[in-house]
Amino acid sequence: MRLDADRLLTMSQNELDDLFRQSPTGGFPQGEGTGTVIVAPGTTASATAAKLIHRFAWQGKVFDPERSELLNRVSPIGVRAVRAKVYRGTSLFDGRESIVLDYSRTSLIAHWIRDEMRLVSPSVYLGIVFWDNAKIFNFTLTFAH
């Protein structure tokens, strides 16, 4: 079954955790991925919160595989800002390999943030955001290719 952001918004936290555990790392993403923040997973508030956050705060990420970096698209107009290094590394969540988005050396405002993601469906990644190594919420990135 192909998963997309809308389907992931309906899943419970346990289902998202299981999906992350069972998914492969996937290839190194490139280009622009459309982002969806998952708060209150599996509830009716999840889709509404995701739309509001997408419209006003975070629209996704733009990956540059040659530099092993990304920039987030933030604000209502999608300003490219908040750089992170991108590499394969051991997940804080389950100790398996994941794609790590590391802000510790690239951003003053997000240096305590670490994201991890895995490929859950063709062109769709499920991510986890950690703040000082504590899991705080999930997100998805969907690529057109």
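This passage walks through the barrel, two of its helices and one valine in a predicted model.

Let's start with the barrel. Eight strands make up a closed barrel, going round in the order β1-β2-β3-β4-β5-β6-β7-β8, and the pairing is antiparallel. From one strand to the next, the twist averages 35°. The pair β1 and β2 gives a handy look at how this works. Strand β1 covers residues 31-38 and strand β2 covers residues 58-64; the two run antiparallel and are joined by four bridges. Within this pair, threonine 34 sits opposite glycine 60, which belongs to β2.

Next come the helices. Helix α2, made of residues 13-22, lies across β1, β5 (97-102), β6 (113-121), β7 (124-131) and β8 (134-143). Its direction is at about 80° to that of β6. Helix α3, made of residues 45-56, lies across β1 and β2. This helix runs at about 135° to β1. Strand β1 therefore turns up in the list for α2 and again in the list for α3.

Finally, there's valine 79, a residue of strand β4, which spans residues 79-90. Is valine 79 buried or exposed? The answer falls in between: its relative accessible area is 38%, so it counts as partly exposed, because that label covers values that are neither under 20% nor over 50%. Leaving aside residues up to four places away in sequence, valine 79 touches Asn72, Arg73 and Val74. Glutamate 15 is another story: 64 residues separate it from valine 79 in sequence, and the C-alpha to C-alpha distance between them is 32 Å.

Terms used
Residues numbered from 1 in each chain as written. Predicted model: local features only at pLDDT ≥ 70, side-chain atom pairs only at ≥ 80, totals over all residues. Heavy atoms only, no water. Pairing = 2+ DSSP bridges. Axes fitted to C-alpha atoms, helices over the stretch in contact; angles between N-to-C directions. Contact = heavy atoms within 4.5 Å. Buried < 20%, exposed > 50% of the residue type's maximum accessible area, 1.4 Å probe, protein only.
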